[in-house]
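Colleague: I've got a model open and I'd like to learn how to read it. Could you walk me through a few features?

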Amino acid sequence: MTSPLRVLGVCGSLRAKSYNRALLHAAIELVPPEMVIEEYAGIDELPHYNADLDVDGGPPSAASWRSAVGAADALLIATPEYNFGPSGVLKNAVDWASRPPATSVLHGKPIALMGASTGMSGTARAQLALRQSFVFTQSLVLPAPEVLVSNAATRFDAELRLTDVASRDFVHRLLVRLLAFARQLQPRA
Ligand SMILES: Cc1cc2nc3c(=O)[nH]c(=O)nc-3n(C[C@H](O)[C@H](O)[C@H](O)COP(=O)(O)O)c2cc1C
């Protein structure tokens, strides 16, 4: 029997009532069989990337982040959009995981992106900017479907449950595609 695909879920917003965290929680609820999603809650503990701190494995927060990324079969990132890019805290986490480049835990890692914004473009530009960073790290970002939850305030209820049927369907389709994509890339036993 094949073991489930282990996906590390990362939310790029630190806000208590973050729509992106709510989107990640919706994904955890909609997870297909043969996949488990575990949320990584520690990216706010990473210091601002500074190569002077990145010696002997870096600070414990960086070591645990790198080890979680390295151990995961795939990443699922819920990104907010800040000024047409990802949040600083998320970009910082990508930067920590990207070093050292020759042995980066992001190299060859399957990644699915999704995002929610209160604007009309649903994080399209933030996701494109992340895709660009993941070209450098040689990560394998799932090309489609794009999960762009626009006008987020209308898609979640007061308890931050994703109630918009079309958005739920997109999230589910993203997970199904990620499962197939990551399985194709896994070495055969
Ligand atoms: C600094 C800042 C910049 C923002 N820039 C954008 C933007 O470029 N595009 C957009 O659609 N929304 C933008 N927003 C609004 C966010 O989409 C909104 O705050 C959203 O709720 C953030 O995600 P979260 O709910 O997961 O924290 C911005 C918000 C902040 C605080």
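Modeller: Let's go through a helix, some ring pairs, the ligand and a few single residues. Keep in mind that this is a predicted model.

Colleague: Let's start with helix H1. Which of the residues in H1 are buried?

Modeller: The general idea first: an α-helix has 3.6 residues a turn, so residues three or four places apart point the same way. Here, H1 runs over residues 19-29, and its buried residues are Asn20, Arg21, Ala22, Leu23, Leu24, Ala26 and Ala27. Their cover includes strands E1 (5-11), E2 (35-40), E3 (74-79), E4 (110-116) and E6 (147-149), along with helix H5 (165-185).

Colleague: Can we zoom in on one of them? What is Leu23 in contact with, leaving aside its neighbours within four places in sequence?

Modeller: Leu23 is found in H1, and it counts as buried because its relative accessibility is 0%, and buried means under 20%. Its contacts, with those neighbours left aside, are Met114, Gly115, Ala116, Val149, Phe156, Leu162 and Val171. For a C-alpha distance, try Leu23 and Cys11: they are twelve residues apart in sequence and 8.8 Å apart in space.

Colleague: And the end of the helix? Which residue caps the N-terminal end of H1?

Modeller: For a cap, look for a side-chain atom beside a backbone nitrogen. In this case Ser18 does the capping, with a side-chain oxygen 3.0 Å from the backbone nitrogen of Asn20.

Colleague: On to rings. How many aromatic pairs does a search of the whole structure find?

Modeller: Three. To read a pair, look at the ring centres and then at the angle between the planes. For Tyr49 and Trp96 the centres are 4.5 Å apart and the planes sit at 65°, so this pair is edge-to-face. Tyr49 is in the loop between E2 and helix H2 (60-71) while Trp96 is in helix H3 (residues 88-98), so the pair ties together parts 47 residues apart in sequence.

Colleague: Are those two residues buried or exposed?

Modeller: Trp96 has 0% relative accessibility, so it counts as buried. Tyr49 comes out at 27%, so it counts as partly exposed.

Colleague: What else is in contact with that pair?

Modeller: Try Asp54, placed in the loop between E2 and H2. Its side chain makes a polar contact of 2.7 Å with the side chain of Tyr49. Leaving aside neighbours within four places in sequence, Asp54 is in contact with Tyr49, Arg66, Trp96 and Arg99.

Colleague: What about a charge over a ring?

Modeller: Find the charged end, then check that it lies over the ring's face. Arg125 has its charged end over the ring of Phe84, 4.0 Å from the centre. Arg15 lies over the face of Tyr19, at 5.5 Å from the ring centre.

Colleague: Now the ligand. Which of the 13 residues around it come nearest?

Modeller: Those are Ser13, Arg15, Ser18, Asn20 and Asn83. Next, look for short distances between polar atoms. A ligand oxygen is 2.8 Å from an N or O atom in the side chain of Asn20. There are backbone cases too: a backbone N or O atom of Tyr19 lies 2.9 Å from a ligand oxygen, and a polar backbone atom of Phe84 is 2.9 Å from an oxygen atom of the ligand. Taken alone, the ligand exposes 610 Å², and the protein buries 72% of that.

Colleague: One last residue: where is Ser104 placed?

Modeller: Ser104 is in the loop between H3 and E4. A loop residue can be buried, and Ser104 counts as such at 8% relative accessibility.

Definitions and conventions: Residues numbered from 1 in each chain as written. Predicted model: local features only at pLDDT ≥ 70, side-chain atom pairs only at ≥ 80, totals over all residues. Heavy atoms only, no water. Buried < 20%, exposed > 50% of the residue type's maximum accessible area, 1.4 Å probe, protein only. Helix = DSSP H or I, 4+ residues; strand = E, 2+ residues; numbered from the N terminus. Contact = heavy atoms within 4.5 Å. Polar contact = N/O pair within 3.5 Å; in protein donor to acceptor, adjacent residues only side chain to side chain. Phe/Tyr/Trp six-rings, centres within 6.5 Å; stacked < 30°, edge-to-face > 60°. Lys NZ or Arg CZ within 6 Å of the ring centre and 35° of its normal. Near = heavy atom within 4 Å. Areas by Shrake-Rupley, 256 points an atom, 1.4 Å probe, with all protein chains shown as cover.
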